[in-house]
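Q: Could you walk me through this one slowly, please?
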There are 2 protein chains.
Amino acid sequence: MPKKKISIKDIARSLGISITTVSFILNGKAKEKRISDELTLKVEEYIKHVGYRPSHLAQSLRLGKSKVIVFMVEDISNQFFASIARKIEEKAYKNGYKIIYCSTDNDPDKAKALIDTFKVRSVDGFIITPTPDLESTITELIEEDFAVLLFDRWIPSIDCSYVVVENEKSAFEATSHLIQNGCMNIGFVTVASDQIQMIDRLEGYGKAIEAHGQNKKVLMLPFHHLSENSASHKIQQFVKSNTDLDALFFATNYLAFEGLQALNNLKKQIPNDLLVVSFDDHYFFTLFQPNISAIEQPLETIAEKLMEGMLKMLNGNGDPKLDFKIILPNTLHIRESSDFKKI
Amino acid sequence: MPKKKISIKDIARSLGISITTVSFILNGKAKEKRISDELTLKVEEYIKHVGYRPSHLAQSLRLGKSKVIVFMVEDISNQFFASIARKIEEKAYKNGYKIIYCSTDNDPDKAKALIDTFKVRSVDGFIITPTPDLESTITELIEEDFAVLLFDRWIPSIDCSYVVVENEKSAFEATSHLIQNGCMNIGFVTVASDQIQMIDRLEGYGKAIEAHGQNKKVLMLPFHHLSENSASHKIQQFVKSNTDLDALFFATNYLAFEGLQALNNLKKQIPNDLLVVSFDDHYFFTLFQPNISAIEQPLETIAEKLMEGMLKMLNGNGDPKLDFKIILPNTLHIRESSDFKKI
DNA sequence: TGGCTTTGCTAAAAGGATTTACCAAAAGTA
DNA sequence: TACTTTTGGTAAATCCTTTTAGCAAAGCCA
């Protein structure tokens with residue numbers, strides 16, 4: 001038989017006092033509202049004794065705040081997002097917030113539908129990796145006074161807070177690094193996507209190539225539902241048909257994994273035949289032989305900044321439209337795959 | 001300026017009818033409650049026109065159901081849990097449920113504290129990978145009529161529904177497979193933990209070893225905060241001090257990663273020097289050279305069964321204490337690391 | 001016409017909290 | 001003593017829905 005839940009009303013009745021008094025005491029307003037110390041103590045003891053806990057549902061309804069943050073990413077099972085999820089979780093809980101997650105698959109319709117459902121749930125804030133075509137939905141969200149924070153990518157056309165990394169700069173650096181190590185024909189493997197972070201990475205690569213008077217060689221894999229085999233297969237084609245390639249720069253780690261598979265099938269040696277660098281570091285890159293050079297995003301800092309910004313918006317200290325725009329630097333880890341000295 | 005949220009009361013007033021009527025229509029009870037088709041239509045159109053959406057908060061408060069499921073795992077950034085998270089998400093959303101996640105780090109105190117906070121939030125159900133020492137907390141949860149479903153591991157001492165895999169059987173099979181491939185000295189690398197799934201895996205290994213009259217060689221790494229280097233280091237020690245080892249069976253994939261690192265440091269060749277098998281398959285096992293044999297847990301089915309069980313409990317068709325105990329078979333993928341023929 | 005059923009709709013309670021406005025009694029002041 | 005202030009508290013509205021119980025009018029039957 002389930003223990004009947006005890007409410008503030010039960011407490012008031014048991015103690016022969018009013019609900020108001022109990023509420024004041026619960027919310028630490030006893031002094032301010034001139035409840036005697038004696039009664040305060042008595043109520044506090046009784047509350048502890050019966051193990052009363054206020055209903056968050058009722059509080060949320062009354063206060064219009066649910067203490068829930070939505071974490072909407074492209075795919076929660078992606079290591080990058082899962083890691084961020086893990087890190088923001090702690091900070092959220094510490095501040096009394098819970099996190100609901102959801103994955104968009106980068107599908108605008110799905111994203112819109114999800115945002116729509118959450119509005120109804122009166123969540124307080126949204127941490128979002130935006131899909132394409134989400135400008136108006138996000139603008140609405142902000143207009144309706146939800147706290148919104150974009151990350152991983154942002155939307156240039158709207159004024160919304162975000163936490164992102166220096167995609168272009170890091171791609172430029174990594175490409176330059178390859179050039180300095182003697183590469184003359186660097187291929188860039190990316191996905192066809194209008195996500196800003198992908199565009200920036202391509203841009204960084206392009207600028208470095210141009211700065212050294214080299215030629216761009218870009219493989220754009222179709223974004224949607226690129227089955228693993230086909231990606232790997234297409235990378236093989238790319239390498240075979242560009243016989244002068246001496247390096248590959250992968251725009252994401254999952255592309256790199258496909259690429260490593262492809263190079264392995266082609267019996268290409270890294271770094272002897274081709275140097276390799278990838279955006280977005282991964283545990284596996286240090287396990288793989290040879291170790292793969294990669295650009296590491298500062299996960300911990302991203303998570304920190306996300307929660308810092310979110311909490312600032314939620315506590316709404318004055319600023320309703322807080323301008324929280326953070327661009328974080330990455331770290332290029334040069335490993336065996338792009339540096340003969342490391343072998 | 002945020003659009004003022006429109007409530008059922010606003011609708012009633014605008015249309016000059018009662019709240020009750022609107023509510024009936026909203027809940028599809030117009031016919032049953034004898035609201036005229038004419039009025040029903042009028043209200044439905046008005047609702048669509050103003051884009052009214054009922055407040056879930058108020059509904060939850062009234063109905064005592066929040067349509068929220070807690071997904072409490074050891075670590076949401078762990079690939080296994082993240083994958084399950086991704087898969088149950090879809091099924092949950094399809095049924096109108098949202099998922100709040102949290103990580104316990106296998107710390108009983110943290111787990112208890114988390115469960116405690118969620119009770120207050122009046123969530124409907126819990127999907128839990130239990131930490132040690134959680135019997136009484138979970139028993140309480142069930143007594144208080146929450147839907148509870150354990151997974152990955154379960155607690156023998158209490159009667160609670162679960163979804164797990166055949167740990168012992170699969171470990172037995174994998175060990176037997178190594179023996180059939182000529183191994184005479186198989187080392188088992190695991191963590192010191194009283195988690196039932198780890199015990200079962202050890203048990204399966206042990207029985208297979210005994211069945212063939214061989215000797216057990218078990219390396220138990222300390223569970224808590226095993227820093228990566230120390231794990232890898234200890235595995236190196238283990239291999240060095242057991243010169244006759246001809247195979248290693250890792251109880252989890254993260255242990256295998258450490259082990260691969262260790263074997264690499266020792267310049268051991270797989271499978272020439274040592275055969276390798278791991279519990280819990282991983283994408284990298286097929287990327288790694290040589291491919292690593294592994295036992296794959298049926299993620300999709302686990303997720304399916306979890307939501308099937310959860311929904312059954314939540315819809316509470318008669319059975320409040322649904323006996324939902326599922327044990328799923330795994331698949332052993334024999335790859336290059338444990339089979340010379342595959343090389 | 002009187003009594004019964006059906007039709008069409010509504011008032012109000014409940015769910016659990018917060019908060020404003022107010023009220024009595026005691027204490028202070030002149 | 002008469003008035004003001006302080007002390008210690010409470011009643012009731014509010015947040016938004018669902019749902020029970022019930023009411024008036026119309027329709028039906030004899």
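A: A residue is called near a molecule or strand if one of its heavy atoms lies within 4 Å of it. This is a predicted model, in which local features need pLDDT of at least 70 and side-chain atom pairs count only at pLDDT 80 or more, while totals for chains, interfaces and linings use all residues. Residues are numbered from 1 along each chain as its sequence is written, chains are lettered from A in the order in which they are written, and side-chain values use heavy atoms, with hydrogens and water left out.

Q: Okay, how many residues surround DNA strand D, and which are the closest?
A: There are 30 residues around DNA strand D, and the closest are A:Thr21, A:Ser36, B:Ile8, B:Tyr52 and B:Arg62. Of the atoms of DNA strand D that come within 4 Å of the protein, sugar and phosphate account for 50%.

Q: Which side chain has an N or O atom 3.0 Å from a phosphate oxygen of the strand?
A: That is the side chain of A:Ser18, and this pair is a polar contact, meaning N or O atoms within 3.5 Å. In B:Asn27, a side-chain N or O atom is 3.2 Å from a phosphate oxygen of DNA strand D, whereas B:Ser55 uses a polar backbone atom, at 3.0 Å.

Q: New topic: how does chain A lay on chain B?
A: A turn of 180° with a shift of 0.0 Å along the axis lays chain A on chain B with an RMSD of 0.1 Å, superposed by least squares on the C-alpha atoms of residues with pLDDT of at least 70 in both. The two copies are therefore related as by a two-fold rotation axis.

Q: And which C-alpha of chain A is nearest the axis?
A: It is that of A:Ile100, 2.2 Å from the axis.

Conventions:
Polar contact = N/O pair within 3.5 Å; in protein donor to acceptor, adjacent residues only side chain to side chain.
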